Amino acid sequence: MDFSPVRCDEAAYADYVRLFAKCFPGVDKYSRNYLDWLYHCNPDGQVVGYDARDGDHLAAHYVCIPARAQVGDKEVRVLLSLNTATHPDYQGKGLFTQLAERTYAAGAALGYDCVYGVANANSTPGFIRKLKFQLIGPLRAMVGVGSLGIDFADLNALQFRRSWSPQALAWRCASPVNPVIARAGQDHTIFLAPALFGGACMATAEIGGEASVTAAHVDMTSGFASPLRLFIGLIPPSAARRLALYVDIPKTLRPSPLNLIYRSLSERMGAIDLDAVFFNFLDFDAY
């Protein structure tokens, strides 16, 4: 088996599209345009990851997406653990673990501070046991109407929070799979994307202060968006004082619990407290 860094060229994209189609039949998300947007066009950096090849056959693929985040008292470069696929003929051989460790070693060598991700109930144990991730905790899932009412003044002393530049937000909103709507509020920007029931319920996120995007970078659409909202993420209790119009979705109605996981690549930061994290759908591969 040959291990090599992922590539962003047409031959590699064709291989990745075929592998995703084989591993996830019926899922049309992984097109060439989507992969180029995600892997190559990200203003925070080109994708970091590894492929496993058996001769001319792509056996497995794993990537992390560069980003920036406030981790403790510093803004640092981080990686978002994202696309992974192993061809059915090569499953059960430990390829994902080997690709992941090579990817994290490459990320550390490039100066990335940590890697984070969102794992479902099936994949969480593997990340914790085999790859030494910390389970920060489950994401909240709530439905409601209107603004989340986040108190952005209480989001300063956190242990983890994504840092979004206007350029990175414009890139995130331009997803070819599910474009995100941006709307300016008084002291924040609201981001919406169709989530449930054909857009009858919109995924929602809010960013305030210096991170707020302006109309110069993202098209502030005035089109209709359903008032029914879905929030998936984490808001520190001190900043979530006005969530009266949102209620938690019962666990029995959720398809799979989503867990926030974290692994330091620099050993600078210790364990992260669940109540010291600000996180929303923009920060991972949801909607």
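**Exercise 1. The E10–E11 hairpin**

Task: How many residues lie between E10 and E11 in their hairpin, and which turn residue has a positive phi?

Solution. Start with the elements: helices (H or I, at least four residues) and strands (E, at least two) are DSSP runs, numbered from the N terminus. The hairpin of E10 and E11 has four residues between the strands. Phenylalanine 197 sits in that turn, with a positive phi of about 55°. This is a predicted model, where local features need pLDDT of at least 70 and side-chain atom pairs count only at pLDDT 80 or more, while totals for chains, interfaces and linings use all residues. Residues are numbered from 1 along each chain as its sequence is written, and side-chain values use heavy atoms, leaving out hydrogens and water.

**Exercise 2. Partners of E11**

Task: Which residues stand opposite alanine 203 in E10 and in E12?

Solution. Two strands pair if DSSP finds at least two bridges between them.
- Step 1. E10 (residues 188–196) runs antiparallel to E11, with eight bridges. Its alanine 193 faces alanine 203.
- Step 2. E12 (residues 228–233) runs parallel to E11, with two bridges. Leucine 230 is the bridge partner of alanine 203 there.

**Exercise 3. Cover on E11**

Task: Are the faces of E11 buried or exposed?

Solution. Apply the cut-offs: buried is under 20% relative accessible area, exposed over 50%, partly exposed in between (1.4 Å probe, protein chains only). In E11 (residues 201–208), eight of eight residues are buried. One side carries Cys201, Ala203, Ala205 and Ile207. The other carries Met202, Thr204, Glu206 and Gly208. Both faces are covered.

**Exercise 4. The sides of H4**

Task: Which residues of H4 are buried, and which are exposed?

Solution.
- Step 1. Thr124, Phe127 and Leu131 of H4 (residues 124–131) are buried. They span an arc of only 100° around the axis, so they lie on the same side of H4. The arc is taken from the directions from the helix axis to the C-beta atoms.
- Step 2. Arg129 and Lys130, on the other side of H4, are exposed.
- Step 3. Lysine 132 follows H4, with a positive phi near 65°.

**Exercise 5. Disulfide count**

Task: Why do cysteine 8 and cysteine 64 form no disulfide?

Solution. The criterion is a pair of cysteine sulfur atoms within 2.5 Å. For cysteine 8, the closest cysteine sulfur, in cysteine 41, is 8.9 Å away, too far for a bond. For cysteine 64, the closest is in cysteine 114, at 11 Å, also too far for a bond. The count is zero disulfides.
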